[in-house]
Amino acid sequence: MTLPLKNDRFLRALQRQSVDVTPVWMMRQAGRYLPEYRETRTRIKDFLTLCQTPELACEVTLQPLARFPFDAAILFSDILTIPDAMGLGLYFSEGEGPCFERPVRTKTDIDNLAVPDPNEALRYVMEAVSLIRRELNGKIPLIGFSGSPWTLATYMVEGGTTKTFSKVKGLMFEQPQVMHTLLDTLAQAVTAYLNAQIAAGAQAVMIFDTWGGILTSRDYLEFSLHYMQKIVQGLTREYEGQKIPVILFTKDGNEWLEEQAETGCDAIGLDWKLPIGTAQKRVGDKVALQGNMDPCILYASPERIREEVATILASFGNGNGHVFNLGHGIHPQMNPEHVAAFVEAVHTLSPAYHIQS
């Protein structure tokens, strides 16, 4: 039997239930801004080895929790595990980021892709999830995640990072049905992958749509959001008697909040470009909201960080359904003491917005 969580305010907030304090966690909270992570990387030079060794993934996941009282942990992994499991040959090039030895660019390439069995090809992820849950010992919940089909497709077609998205957009515009075949395969793969994470112990899941915002409104709805909705509809939403909330996050996706709220997800992640109060008015009580402080605020003084936290809390106002986060991942050069000031500000300023009548 699953032990009750000592701190469940993150899960409660995602379900728009009452909480005592606005929960806070941080995208990329386990990463290069931490000296202990950098020390781990001196021992483990290869990033993929770090991701693919459950004990190391667990170690890195837990590192920020030893420093900061975050209200959730997030699995340390990479969004490109699925295409790697499909046989594309993922590697990381110094100064260039992720690359694939065998990108997919033709109908034949795409027709030959198979949905990987997550409990075989991605067993290391499931072992990491189980290990992290055991080590957390009910302290706080664990978030699992995946990249969105469109985001995964951009890397798979381009062969790595890009500034123009010329190859993936070229395929989308010239051969839309071929692109739909790729996205449908990826939607099946992501659904299976996230459901396997849930079975292994993830208590909430998040879909990162990093590149949905590069699309026109028409193309976003057809080639990105449609497939995220398919995933949401196929996910395990209750496991061992506990609800499993789902968060969607599209970077630069503020244009489509209403459509995102109709997918059946529990929460929408926001970047920092729209006041959270404005977003709240647009989606009403359909979903919770996660966000949405500009990560660069953390370069400022603790006093300025506290001011910004206060502004965002006031913008959301009284009531439930807010998970505090950055509007994107924390930058590698950040001072950990400023992260501590950020978390402390959320926890000390937010109770005023949760006074029970």
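A residue counts as buried when its relative accessible area is under 20%. F76, at 7% relative accessibility, is therefore buried. The structure discussed here is a predicted model, and this report goes through some of its helices, loops and single residues.

**F76 and T40**

F76 sits in the loop that runs between β1 (73-74) and α5 (81-85). Apart from neighbours within four places in sequence, F76 is in contact with A30, Y37, F47, L50, C51, A57, V60 and T61. One of these partners, T61, is 15 residues away along the chain, and its C-alpha atom is 5.3 Å from that of F76.

T40 belongs to helix α2. With a relative accessible area of 0%, T40 is buried. Again leaving aside neighbours within four places in sequence, the contacts of T40 are L50, E59, V60 and Q63. L50 and V60 thus appear in the list for T40 and also in the list for F76.

**Helix α15 and the loop before it**

Helix α15 covers residues 336-349, which is 14 residues. From its first C-alpha to its last the helix reaches 20 Å, close to the 20 Å expected at 1.5 Å a residue. At the start of α15, a side-chain oxygen of N335 comes to within 2.9 Å of the backbone nitrogen of E337.

Which residues of α15 are buried? They are P336, H338, V339, A341, F342, V343, A345, V346 and H347. The buried residues of this helix pack against α1 (9-14), α2 (35-43), α4 (54-67) and α14 (302-316). Helix α2, which holds T40, is one of these packing partners.

I330 is in the loop between β11 (322-323) and α15. At 3% relative accessibility, I330 counts as buried. Not counting residues up to four places away in sequence, I330 touches M26, M27, R28, Y33, L298 and V339. V339 is among the buried residues of α15. I330 and Q177 are 153 residues apart along the chain, and 37 Å separates their C-alpha atoms.

**Helices α8, α9 and α10**

Helix α8 (residues 149-158) and helix α9 have axes that come within 8 Å and cross at roughly 110°. Angles of 65 to 115 degrees count as roughly perpendicular, so α8 is roughly perpendicular to α9. On the α8 side, W150, A153, T154, V157 and E158 take part, and they meet S166, K167, V168, L171 and M172 of α9. By class, this contact has six nonpolar, two polar and two charged residues.

Helix α9 (residues 166-174) also packs with helix α10 (residues 176-200), at an angle of about 115° and with the axes 5 Å apart. The contact is formed by V168, L171, M172, F173 and E174 from α9, together with P176, V178 and M179 from α10. Its residues divide into seven nonpolar, no polar and one charged. V168, L171 and M172 of α9 are listed in the contact with α8 and in the contact with α10.

**R133**

R133 lies in helix α7 (residues 123-136). At 24% relative accessibility, R133 counts as partly exposed. Where does its side chain reach? The side chain of R133 comes to 2.7 Å from the backbone oxygen of G201. R133 and E238 are 105 residues apart in sequence, and their C-alpha atoms are 17 Å apart in space.

**Backbone geometry in the loops**

Most residues other than glycine have a negative phi, and most peptide bonds are trans. Two residues other than glycine, E240 and D252, have a positive phi. Their values are set out below.

| Residue | Phi | Loop | Relative accessibility |
|---|---|---|---|
| E240 | near 50° | between β6 (238-239) and β7 (242-243) | 56%, exposed |
| D252 | near 60° | between β8 (246-250) and α12 (257-261) | 34%, partly exposed |

The peptide bond from G291 to N292 is cis, with omega near 0°. N292 lies in the loop between β10 (288-290) and α14. Helix α14 is also among the helices that the buried residues of α15 pack against.

How values were computed:
Residues are numbered from 1 along each chain as its sequence is written. This is a predicted model: local features need pLDDT of at least 70, side-chain atom pairs count only at pLDDT 80 or more; totals for chains, interfaces and linings use all residues. Side-chain values use heavy atoms; hydrogens and water are left out. Helices (H or I, at least four residues) and strands (E, at least two) are DSSP runs, numbered from the N terminus. The expected span of a helix is 1.5 Å times one less than its number of residues. Buried means under 20% relative accessible area, exposed over 50%, partly exposed in between (1.4 Å probe, protein chains only). Contact means heavy atoms within 4.5 Å. A polar contact is a pair of N or O atoms within 3.5 Å; within protein, one must be able to donate a hydrogen and the other to accept it, and residues adjacent in sequence count only if both atoms are side-chain atoms. Axes are lines fitted to C-alpha atoms, for helices over the stretch in contact, and angles run from 0 to 180 degrees between N-to-C directions. Ala, Val, Leu, Ile, Met, Phe, Trp, Tyr, Cys and Pro count as nonpolar, Asp, Glu, Lys and Arg as charged, and the others, Gly among them, as polar. Angles under 35 degrees count as roughly parallel, over 145 as roughly antiparallel, 65 to 115 as roughly perpendicular and the rest as oblique.
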